[in-house]
Amino acid sequence: MTTTDKPSATAAANAAGGAPAGRIGLATASALYVAAVLGTGVLVLPGLAADAAGPASVLAVGAVLLLSIPLAGTFAALAARYPDAGGVATFVRLALGPTAARATGYWFFFGVGFGAPVVAALGGQYLVAALGIGEVFVPVIGFAFLAVPLALAAFGLRVSGRVQFVLSALLVVVVVGVVVSAVPKATPANFTPFLPHGWAGVGLAVSLFVWAFAGWEAVTHYAGEFRNPRRTIPIATAIAVAVVGIAYLSLQIATVAVLGGGGESGSVPLIHLVSITLPGFGPTAVAVIAAIVVIGVLNAYIPAFANLGAALGRDRQLPHWFARGAEAGAVPRRALGLVAVQMLVYTGIFFAFHLNLETFILVHTSSMVAVYALGMVAAVKLLRPGTAGWVMALISVVLTVGLLVLAGWHLLVPAILAVVAIATTLISKFRSRKRSHA
């Protein structure tokens, strides 16, 4: 490790589990997890999965839920033991060194950040369709969705966390309302044939729902803010797994029961479901759901990006000017400014060139898979062999290898970012040697 890569004494203490007691309790922590994981998938995935697998899409949801448990458990074990704003990058630094940590940080900060235009565009599309206004308003609404959580993040996690608790509670209430309203409209015949597209269709639905159950890594950047991380993080993770799993299972069952095995594969499939289950209130309900989901997701991720940016500045993996606010309890406003510029640029490019959502989704998911892969390898080295967390880490390594294979050539962007990380390390070492010789 070069002197330019060495983290501060405060960072080292935080990463060893000695972070000062935070102010975020169990309720807010659970709300952050629910928002980060439940995400925008509720807007599109139930219909897409029903198209892919018919009634058997319910099995796909259950399978992905079970597969996500070891991944969520591993991140919970790491964050509880090493609470630091750097999140997965910190875990990787402790286990694999500064260059791997720099690559992990770049993957999350610059690669996973491609998801912001996806979330903003989905929110814009839903509100435009629900309110019956022109498509020209999609970019305007999308940028407005970005502005709200960016403003909230400037006041710190205490303010944005309280807002997140309200948003997550409202989202759960709305999901319950949609599911309950579907019961009178359910048709048992819609569940036959159960496997219209065979097991290949179920496999496709599983790959779709991987997007739905991702997000456990985002909250690791808040770990230093939690009160009693070793207790709060595992419990909050368990609550989120249960809430997210029940929400997606119930929505999938409702979608098939009301719409049938064909689902609704348009850009706004939830509108079709709600228009049947809540006639007259459908557009309003969908607009409320879209606003809650989009603001909630961005409100969970934007402070995580800002915390990571400050930690990367602290560890000299971004310019040190961004380091202010990396300590627990502080607000990383300089890094938040960088996050704002990055997200506005990404979103501006997306809307200006009318790019496809799929392109940005693939960059986002492939970068996330790369983060998962190194994070799980780090977990195997950091966690004590034989413990529950270590066993889950071993299982997760196998799962992430499978995800890397599925990502294929879409790993090009993470590969480029890894080359940049290696080049930055080499330049840093060269400058350090030049200074020592001088």
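Reader: Hello! Among contacts between residues at least 6 apart in sequence, what share joins residues at least 24 apart?

Author: Welcome! Keep in mind that this is a predicted model. A contact here needs heavy atoms within 4.5 Å. Once pairs less than 6 apart in sequence are set aside, the share joining residues at least 24 apart is 84%.

Reader: Which kind of element builds the chain, helices or strands, and how many are there?

Author: Let's take the strands to begin with: the count is zero. The helices of the chain number 17.

Reader: Why can the chain be called as compact as a globular protein of its length?

Author: The globule rule gives 22 Å for 438 residues. The chain comes close to that value, so it is as compact as a globular protein of that length, with a radius of gyration of 21 Å.

Reader: What percentage of the residues count as buried?

Author: To count as buried, a residue must have under 20% relative accessible area. Of the 438 residues in the chain, the portion that passes is 57%.

Reader: Which helix gives the largest share of the largest nonpolar core?

Author: That core has 137 residues, and Phe209 and Tyr301 are among those with the most contacts inside it. The largest share is 19 residues, and they come from residues 282–314, helix H13.

Reader: Which tyrosine does Phe209 touch?

Author: Residues up to four places away in sequence are left out here. Among the partners that remain are Leu45, Pro46 and Val61. The tyrosine that Phe209 touches also belongs to the residues with the most contacts inside the core, and its name is Tyr248.

Key
Residues are numbered from 1 along each chain as its sequence is written. This is a predicted model: local features need pLDDT of at least 70, side-chain atom pairs count only at pLDDT 80 or more; totals for chains, interfaces and linings use all residues. Side-chain values use heavy atoms; hydrogens and water are left out. Helices (H or I, at least four residues) and strands (E, at least two) are DSSP runs, numbered from the N terminus. The radius of gyration is taken over C-alpha atoms; the globule rule is 2.2 Å times the number of residues to the power 0.38. Buried means under 20% relative accessible area, exposed over 50%, partly exposed in between (1.4 Å probe, protein chains only). A nonpolar core is a set of buried Ala, Val, Leu, Ile, Met, Phe, Trp, Tyr and Cys residues joined through side-chain atoms within 4.5 Å.
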